[in-house]
Amino acid sequence: MAGGWAQDGAVNEQIEASINDELARLKAQKRPVGESLTHCAECEEPIPEKRRKAIPGVKLCIECQQERDGAHKARGGINRRGSKDSQLK
C-alpha cells in the first residue's frame with residue numbers, strides 16, 4: 001500500500017534502483033590484472049599468499065590498499081532516488 005503521491009511498490013523500486021546503481025559502480029571499478037606481486041609495490045611488505053589467491057593481480061598489501069581506498073571517497077552522500085524532492089517529479 002502506497003501513501004500520498006507514491007505508487008504501489010515505489011519504495012521497492014527505489015531500493016532496487018539504488019542496489020543496481022551500486023552494483024554498476026562496483027563492476028565499473030578497475031580490477032587488478034596479471035600476476036600478483038609477492039611484495040607490496042608501495043611499502044615492500046610481503047603480501048600474504050591468501051590475499052594473492054583471493055585477488056589475482058594484486059599489487060598492494062592490505063594497509064596500503066586501505067589507505068588508497070580511503071583517499072577516494074568523493075561520492076555524494078545523498079540518495080537522490082530516495083529523497084522527497086525526487087518523488088515530486
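**Exercise 1. Count the disulfides in this predicted model, then account for the result at Cys40 and Cys61**.

*Solution.* Start with the total: the structure holds zero disulfides. Next, take Cys40, which is in no disulfide; its nearest cysteine sulfur belongs to Cys64 and sits 3.7 Å away. Now recall the cut-off: a disulfide needs two cysteine sulfur atoms within 2.5 Å. Move on to Cys61, whose closest cysteine sulfur is also in Cys64. That separation is 3.6 Å, so the two are too far apart for a bond.

**Exercise 2. Decide whether Cys40, Cys61 and Val11 are buried or exposed**.

*Solution.* The limits you need are under 20% relative accessible area for buried and over 50% for exposed. Cys40 has 2% relative accessibility, so Cys40 is buried. Cys61 comes out at 3%, and therefore counts as buried. Val11, in helix 1, has a relative accessible area of 57%, so Val11 is exposed. To finish, put Val11 in its setting: with Ile15, Ile19, Leu23 and Leu26, Val11 makes a nonpolar surface patch of about 430 Å².

**Exercise 3. Describe the surroundings of Ser36**.

*Solution.* First, locate the residue: Ser36 lies in the loop between helix 1 (10-28) and helix 2 (49-54). Second, check its accessibility: the value is 17%, so Ser36 counts as buried. Third, list its contacts: leaving out residues up to four places away in sequence, Ser36 touches Arg52, Ile55, Pro56, Gly57 and Val58. Last, look at the polar atoms. The Ser36 side chain reaches the backbone nitrogen of Gly57 at 2.9 Å, and a polar atom of that side chain lies 3.4 Å from the backbone oxygen of Arg52.

Key: Residues are numbered from 1 along each chain as its sequence is written. This is a predicted model: local features need pLDDT of at least 70, side-chain atom pairs count only at pLDDT 80 or more; totals for chains, interfaces and linings use all residues. Side-chain values use heavy atoms; hydrogens and water are left out. Helices (H or I, at least four residues) and strands (E, at least two) are DSSP runs, numbered from the N terminus. Buried means under 20% relative accessible area, exposed over 50%, partly exposed in between (1.4 Å probe, protein chains only). A polar contact is a pair of N or O atoms within 3.5 Å; within protein, one must be able to donate a hydrogen and the other to accept it, and residues adjacent in sequence count only if both atoms are side-chain atoms. Contact means heavy atoms within 4.5 Å. Patches are made of residues with over 30% relative accessible area and no salt bridge: like charges are joined within 9 Å, nonpolar side chains (Val, Leu, Ile, Met, Phe, Trp, Tyr) within 5 Å. Accessible areas come from the Shrake-Rupley method with a 1.4 Å probe; for residues, only the protein chains shown count as cover. A salt bridge is a side-chain nitrogen of Lys or Arg within 4 Å of a carboxyl oxygen of Asp or Glu.
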